[in-house]
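Hi everyone, thanks for making time this morning. Let me put the structure up on the screen, and then we can walk through it together.

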Amino acid sequence: MSARMSKGRTIAAHAVLLTYTLIALFPVFVIVINSFKSRKAIFADPLALPMPGTFDAVGYATVMKQGDFFLYFQNSLIVTCASLFCVLLFGAMAAFALSEYRFRGNTLMGLYLALGIMIPIRLGTVAILEMMVASGLVNTLTALILVYSAQGLPLAIFILSEFMKTVSDDLKNAGRIDGLSEYRIFFSLVLPLVRPAMATVAVFTMIPIWNDLWFPLILAPAESTKTVTLGAQVFIGQFVTNWNAVLAALSLAIVPVLVLYLIFSRQLIRGITAGAVK
Amino acid sequence: MGALELKNITKSFGATDVIKGVDLTVKDGEFCVFVGPSGCGKSTLLRIIAGLEDASAGDILLDGKRVNELAPAKRELAMVFQSYALYPHLTVRDNMGLALKQAGVSKAETRAATDRAAEMLSLGPLMERRPAELSGGQRQRVAIGRAIVRRPKLFLFDEPLSNLDAALRVATRIEIARLHRELSATMIYVTHDQVEAMTLADRIVVLRGGVVEQVGAPMELYNDPANTFVAGFIGSPQMNFLKSGALGQRGETTGIRPEHLEISRESGSFEGRVSHVEKLGGETLVYVRSEIHGLLTVRLFGEHSYSVDEAVWLSPDMGRAFHFDSAGLRLR
Ligand SMILES: Nc1ncnc2c1ncn2[C@@H]1O[C@H](COP(=O)(O)OP(=O)(O)O)[C@@H](O)[C@H]1O
Ligand SMILES: [Mg+2]
């Protein structure tokens with residue numbers, strides 16, 4: 001971006017960004033305000049803010065009373081964090097190998113791994129389920145972690161290998177001459193320099209995992225392995241839906257992702273400015 | 001200790017041959033400079049010597065031992081890179097000490113070695129800083145210090161001065177020459193700048209397109225170039241190439257250095273027009289366009305006034321001329 005943009009263009013850019021932000025945040029805003037309203041008030045005027053007359057935290061009370069909800073949260077966190085860890089670690093390692101070493105089938109391997117970006121993993125649900133049944137992993141968090149790692153790896157490898165190509169060869173070579181192992185070069189020289197890309201990948205990987213309903217429903221629907229999104233479904237009945245509870249559960253479910261996002265986005269910004277000032 | 005021998009080294013990246021059979025011996029304690037235009041394979045050759053790249057064929061011998069399969073860290077050499085390549089997360093002291101730490105040298109010894117190197121390069125006050133807090137010149141001194149600390153048999157420099165400004169380049173060049181005298185270690189230095197090559201080298205290796213064109217001491221190459229490429233590459237400003245036929249000389253091309261071309265307003269062997277004049281104080285460069293020979297450079301000592309478009313006469317000093325055949329090879 002040029003240092004001096006005309007005022008008109010600055011205003012236009014901000015207007016577009018603000019509009020987008022409003023549109024993106026609107027559903028979240030509606031969910032959160034309605035979670036604090038009584039059932040009647042939700043249906044009477046969904047866009048009104050909770051007033052003294054309409055304020056009601058019954059949704060949260062219901063969610064808290066359903067003692068398992070903490071377990072669901074815990075399950076979601078375990079699954080998301082473990083998958084994220086696997087995706088980042090193995091994705092970065094594969095990306096390093098693909099971008100750093102010349103070996104037979106390098107390009108082919110890269111293309112094969114990128115194929116996963118284009119083919120949705122859900123197409124393989126039946127096969128995955130059969131595999132999980134055969135290996136006795138149904139109704140375990142491990143099943144979910146494995147599936148989500150597989151789902152996140154292609155994009156992670158694709159993005160990270162592009163970034164790793166930009167890391168100076170001289171730096172890696174200096175490490176080799178000083179006797180660092182390839183692992184040390186990867187962990188202590190390359191990874192810190194691609195931190196912004198890692199943060200980007202983390203955010204892109206984390207959100208679909210946290211929000212997923214499909215695989216928890218199919219692979220781990222047992223009470224002890226339910227995730228938050230699946231747990232919230234107990235309030236949605238065929239005939240009656242406890243909207244207060246659903247909205248409260250969803251509002252609570254936003255909090256952990258928000259926290260994780262803030263952690264990564266700070267890394268992201270720090271990485272960007274560190275590179276720019278150098 | 002630190003003699004290097006290359007035996008018929010070749011290197012291809014896929015279908016492109018980058019190094020096409022290089023034979024070379026560098027004696028112990030010698031300062032050897034690889035010089036050549038950008039993309040001629042200098043860095044590739046240096047990386048092969050360092051073990052960062054495998055040669056497609058040929059042998060690399062260090063002190064008579066074949067080291068083709070030896071890892072870079074085991075070859076007892078150090079390398080200084082154009083981009084400095086300092087570890088961004090380590091302080092200057094740790095940058096310099098890392099190789100020793102990896103080799104299992106004790107903390108006290110490492111500290112002594114880094115202090116010694118720091119003193120040689122006056123890096124003392126910078127030891128606890130990180131690379132991001134240093135200027136370009138300081139970073140390159142740290143990179144050189146990192147190489148010294150290891151007491152290697154062989155120093156490799158890959159265009160270490162290209163990222164520095166002109167004044168720092170001269171200062172660092174002198175510093176490298178001093179280090180070579182003090183350490184009496186073997187050094188191989190890559191550059192595309194013939195001035196660096198001339199001023200630093202005991203011996204210059206001129207490369208073009210992955211082939212060694214000529215090897216020799218700076219003055220040997222200057223006074224006795226083997227072909228038009230070496231003649232044109234060594235010496236600044238560049239040698240003039242004139243058409244032998246028009247001058248009644250043997251061969252296809254006659255090479256005359258700019259200082260051996262005489263300029264006169266009255267008479268000479270052929271005519272031309274001044275196209276540009278550069279006054280450098282101590283010397284004046286006059287660029288003259290001739291109908292037959294094209295653009296020629298004349299180097300005059302002291303101050304001279306010629307105006308653009310002025311008609312002048314030029315006379316080459318045939319006693320100092322070099323003759324080349326149609327393939328560019330020197331006729332002796
Ligand atoms: N890893 C590589 N893959 C393919 N070609 C390469 C690679 N490294 C260098 N080359 C090619 O080899 C030639 C010589 O490169 P290099 O040794 O860096 O030249 P120099 O240092 O003399 O400027 C260049 O044409 C370059 O494109
Ligand atoms: Mg180079």
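A:Phe69 and A:Tyr72 sit 3 residues apart in helix H4 of chain A, residues 69–100, so they are separated by about one helical turn. As a reminder, an α-helix has 3.6 residues a turn, so residues three or four places apart point the same way. Before I go on, please keep in mind that this is a predicted model.

So how do the rings of A:Phe69 and A:Tyr72 meet? They form an edge-to-face aromatic pair, 5.4 Å centre to centre, with 65° between the planes. The edge-to-face label applies because planes over 60 degrees apart fall into that class. And are these two residues buried or exposed? A:Phe69 counts as buried, at 3% relative accessibility, and A:Tyr72 is buried as well, with a relative accessible area of 2%. They also have company: ring pairs link A:Phe69, A:Tyr72, A:Phe73, A:Trp210 and A:Phe235 into a cluster. Over all chains, the count comes to 15 aromatic pairs.

Let me stay with chain A for a moment. Chain A has 13 helices and 0 strands. Its C-alpha atoms fill a box of roughly 70 × 65 × 30 Å along the principal axes. Of the 278 residues in chain A, 39% are buried. If you take the contacts in chain A with a separation of 6 or more, 73% of them are between residues 24 or more positions apart.

One residue to look at here is A:Pro208, which is found in helix H10 of chain A, residues 195–211. At 39% relative accessibility, A:Pro208 counts as partly exposed. Its C-alpha atom is separated by 16 Å from that of A:Ile218, 10 residues apart along the chain.

Now over to chain B, starting with helix H4 of that chain, residues 136–149. This helix has 14 residues and reaches 20 Å from its first C-alpha to its last, close to the 20 Å expected at 1.5 Å a residue. How many of the residues of H4(B) are buried? The answer is 12 of the 14, so the helix is largely enclosed by the rest of the structure. Among them are B:Arg139, B:Arg141 and B:Arg146, along with B:Ile144 and B:Val149.

What do the buried residues of H4(B) pack against? On the chain A side there is helix H8, residues 169–177. Within chain B, the list has strand E6, helices H2, H3 and H5, and strand E7. After H4(B) comes B:Arg151, whose phi is positive, near 45°.

Let me pick out B:Arg146, since we can follow it to some of its surroundings. Its charged end sits over the ring of B:Tyr87, 4.8 Å from the ring centre. Both B:Arg146 and B:Tyr87 are among the residues that B:Asn95 touches, and so are B:Leu86, B:Leu90 and B:Pro131, not counting residues up to four places away in sequence. B:Asn95 itself is found in helix H2 of chain B and is buried, with a relative accessible area of 1%. Chain B offers another charge over a ring: the charged end of B:Arg257 sits over the ring of B:Tyr222, 3.9 Å from its centre.

Finally, let's look at a sheet. An open sheet of 5 strands in chain B has the order E13-E17-E14-E15-E16, with antiparallel pairing. Which strands stand at the edges? Those are E13, residues 261–264, and E16, residues 294–301; each has a single partner strand, so one side of each is left without a neighbour in the sheet. Neighbouring strands of this sheet are turned by 45° against each other on average, direction ignored.

If you zoom in on one edge, E13(B) and strand E17 of chain B, residues 311–316, run antiparallel and are joined by 4 bridges. As one example, the bridge partner of B:Glu262 is B:Ser315 in E17(B). For anyone who wants the background, strands of a sheet pair through backbone hydrogen bonds, either parallel or antiparallel.

That's my tour, so thanks for listening.

Conventions:
Residues are numbered from 1 along each chain as its sequence is written. Chains are lettered from A and ligands numbered from 1 in the order in which they are written. This is a predicted model: local features need pLDDT of at least 70, side-chain atom pairs count only at pLDDT 80 or more; totals for chains, interfaces and linings use all residues. Side-chain values use heavy atoms; hydrogens and water are left out. Rings of Phe, Tyr and Trp (its six-membered ring) pair if their centres lie within 6.5 Å; planes under 30 degrees apart count as stacked, over 60 as edge-to-face and the rest as tilted. Helices (H or I, at least four residues) and strands (E, at least two) are DSSP runs, numbered from the N terminus. Buried means under 20% relative accessible area, exposed over 50%, partly exposed in between (1.4 Å probe, protein chains only). A charge sits over a ring if NZ of Lys or CZ of Arg is within 6 Å of the ring centre and within 35 degrees of the ring normal. The expected span of a helix is 1.5 Å times one less than its number of residues. Contact means heavy atoms within 4.5 Å. Two strands pair if DSSP finds at least two bridges between them. Axes are lines fitted to C-alpha atoms, for helices over the stretch in contact, and angles run from 0 to 180 degrees between N-to-C directions.
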